[in-house]
Amino acid sequence: NDVIPQLQRIADEAAWEALRTGARGYSAEFRCRGATGEVRWFSEKVSIEARGPGHWWLVGVCVDITALRESETRFRATFEQAAVGMAHVALDGRWLRV
């Protein structure tokens, strides 16, 4: 995949920043652009564990959330552009969004 090198560079920068500041982990969302111009969104969550002076374990997951981002964008546009009122109501009757 043509976004892997870009994804690795961004993830490495985030990891080094977390290590520099002494964070015990980090969460980040970022985008990568493929060779064809296609944009992909990724969500990364990483835990950092010190294993000795100058040594760490980084354990995490990186997920392609492009479809989720696109769905959220469509939903937001539909909700905000509605000509009449709209609402989301929970099963227990609570208003979630109006």
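A salt bridge is formed between E38 and R40, whose closest N and O atoms lie 3.1 Å apart. The structure examined here is a predicted model, and the contacts described below are computed from its atoms. Within that model, the pairing of E38 with R40 does not stand alone, in that E38, R40 and D64 are linked in a network of salt bridges. With respect to solvent, E38 counts as partly exposed at 43% relative accessibility, and R40 likewise counts as partly exposed, at 25% relative accessibility.

Over the whole structure, a search returns seven salt bridges. One of these joins the side chains of E29 and R69, with an N to O distance of 2.4 Å. Because E29 belongs to strand β1 (residues 25-33) whereas R69 belongs to helix α2 (residues 66-81), this pair ties together parts that are 40 residues apart in sequence. Both partners are classed as partly exposed, E29 having a relative accessible area of 47% and R69 one of 23%.

A further salt bridge is found between R20 and E17, for which the closest N and O atoms are 2.7 Å apart. Here the two residues are placed within a single element, helix α1 (residues 4-21), and since they are three residues apart in that helix, about one helical turn separates R20 from E17. The accessibility of the two partners falls into separate classes: R20 is exposed, with a relative accessible area of 62%, while E17 is partly exposed, with a relative accessible area of 38%.

In contrast to the salt bridges, disulfides are absent, as a search of the whole structure finds zero of them. A disulfide is a covalent bond between the sulfur atoms of two cysteines. For C32, the closest cysteine sulfur is that of C62, and at 7.9 Å it is too far away for a bond; the cut-off applied to a pair of cysteine sulfur atoms is 2.5 Å. The relation holds from the other side as well, because the cysteine sulfur closest to that of C62 is the one in C32, at 7.9 Å, which is again too far for a bond. The surroundings of these two cysteines can also be described by their accessibility: C32 is buried, with a relative accessible area of 1%, whereas C62 is partly exposed, with a relative accessible area of 37%.

Definitions and conventions:
Residues are numbered from 1 along each chain as its sequence is written. This is a predicted model: local features need pLDDT of at least 70, side-chain atom pairs count only at pLDDT 80 or more; totals for chains, interfaces and linings use all residues. Side-chain values use heavy atoms; hydrogens and water are left out. Buried means under 20% relative accessible area, exposed over 50%, partly exposed in between (1.4 Å probe, protein chains only). A salt bridge is a side-chain nitrogen of Lys or Arg within 4 Å of a carboxyl oxygen of Asp or Glu. Helices (H or I, at least four residues) and strands (E, at least two) are DSSP runs, numbered from the N terminus.
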